[in-house]
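Biologist: I should like to learn how to read the features of a model such as this one. Please take them one at a time, with the general idea first and the case at hand second.

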Amino acid sequence: FWNDDDSEGDNESEEFLYGVQGSCAADLYRHPQLDADIEAVKEIYSENSVSIREYGTIDDVDIDLHINISFLDEEVSTAWKVLRTEPIVLRLRFSLSQYLDGPEPSIEVFQPSNKEGFGLGLQLKKILGMFTSQQWKHLSNDFLKTQQEKRHSWFKASGTIKKFRAGLSIFSPIPKSPSFPIIQDSMLKGKLGVPELRVGRLMNRSISCTMKNPKVEVFGYPPSPQVSGHCKNIPTLEYGFLVQIMKYAEQRIPTLNEYCVVCDEQHVFQNGSMLKPAVCTRELCVFSFYTLGVMSGAAEEVATGAEVVDLLVAMCRAALESPRKSIIFEPYPSVVDPTDPKTLAFNPKKKNYERLQKALDSVMSIREMTQDCRNCIK
């Protein structure tokens, strides 16, 4: 037996349970913009370029983006300790139901078979983390949808591009010369009816995104960002955020050795690049690297070969003993004083060649070091 009061209580309980179930269902809902971005990756790259792992109970989703690095030169990939035959995986964790309206995604960078010292992943993770933080300030699902709608209206048969080209043809025909920009995106070609072009892509360590012979001092700091090339250009959002971050990673990977692993600015020397990623000579980066160990994993094992160390020390000594040392002994080292971490033992702004000579005289050769016991070397 139950009266009206009981029935009202039951109805309230049912409404409460229904509300809980409704909220759970909302948590499991995958945002349509996320689906659209995933499909864009598959269409532009391949079906195997992206994998998804959902965590519905906590409203999270892991998106694994596979970056092909087979274009790297064999010598470069060996020096960087990466596997050319295996893609680098970017793992982004988004909110499943909110996507771009949710919190900023966490980023992991790894190669599944590369278990030891993947320093390149640390550098790339920092770069992509800064890129994502910058983009996230103005990024949202509505903003991305608006950008994509503008692109679609631009390429409609009755849209802006047709009117634009018609107006352009009044003044001058579209030139058919190599200097005219070639549309390279596969999706864009399909929409414009442009025949597919076979483009051979050659990549080795000599390719650089920097301008050749910029007008700066030989040993001065690098020029402003306007002088740098396409590496740090922000890719378009027209195919979604996932394609954007993949394209940015592809731009940055070939030239990681040209940028400091701490500040991500170009190295001092503009006429060439080092083979391995390294720390630049800017004072803040030197302090961060030596005293705080910032990005030490990304620049580990620099010049660890015995022959390389002996050669570097010998060349350093020869330059220091030359009467032209004020000209050829460059770059002057930036070394933090181990007894006083707040000062530099060797400072390029206060060059002391005599003190440097004493330090070099105390450096024994690697051959002499190996003759002693390991504890003595430590």
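Biologist: What angle do α4 and α8 make where they pack, and are they parallel or oblique to each other?

Modeller: Two packed helices are described by the angle between their axes and the distance between the axes. In this predicted model, where local features need pLDDT of at least 70, side-chain atom pairs count only at pLDDT 80 or more and totals for chains, interfaces and linings use all residues, α4 and α8 pack at about 140° with their axes 11 Å apart. They are therefore oblique to each other; angles under 35 degrees count as roughly parallel, over 145 as roughly antiparallel, 65 to 115 as roughly perpendicular and the rest as oblique. Axes are lines fitted to C-alpha atoms, for helices over the stretch in contact, and angles run from 0 to 180 degrees between N-to-C directions. Residues are numbered from 1 along each chain as its sequence is written, and side-chain values use heavy atoms, with hydrogens and water left out.

Biologist: Which residues of α4 and α8 make the contact?

Modeller: From α4 come I127, L128, F131, T132, Q135 and W136, and from α8 come F241, Q244, I245, Y248, A249 and R252. Contact means heavy atoms within 4.5 Å. Helices (H or I, at least four residues) and strands (E, at least two) are DSSP runs, numbered from the N terminus.

Biologist: In what order do the four strands of the open sheet lie?

Modeller: Strands of a sheet pair through backbone hydrogen bonds, either parallel or antiparallel. Here the order is β1-β2-β3-β4, with antiparallel pairing; two strands pair if DSSP finds at least two bridges between them. β1 (50-55) and β4 stand at the edges with a single partner strand each, so one side of each has no neighbour in the sheet. The twist from one strand to the next averages 20°. Six bridges join β1 and β2, and V50 stands opposite L65 in β2. α4 packs on this sheet, touching β3 and β4, and its direction makes about 155° with that of β4.

Biologist: Which side chains of β4 are buried?

Modeller: In a regular strand the side chains alternate between the two faces of the sheet. In β4, I107 and V109 point to one face and are buried, whereas S106, E108 and F110 point to the other and are not. Buried means under 20% relative accessible area, exposed over 50% and partly exposed in between (1.4 Å probe, protein chains only). β4 pairs with β3 over five bridges, and I107 is the bridge partner of L92.

Biologist: Which residues of the largest nonpolar core touch the most other members?

Modeller: A nonpolar core is a set of buried Ala, Val, Leu, Ile, Met, Phe, Trp, Tyr and Cys residues joined through side-chain atoms within 4.5 Å. The largest one has 46 residues, of which L65, I88, F241 and L242 touch the most other members. Its largest share, seven residues, comes from α8. Apart from this core lies another, of nine residues, including A319 and Y332. Outside its neighbours within four places in sequence, L242 is in contact with residues including I63, L65, L92 and F94.

Biologist: Is N257, in the loop between α8 and α9 (283-292), buried or exposed?

Modeller: N257 is buried, with a relative accessible area of 4%. Beyond its neighbours within four places in sequence, N257 is in contact with W80, H267, S273, M274, L275, K276 and P277. Another loop residue, F71, lies between β2 and α3 and is buried at 12%.
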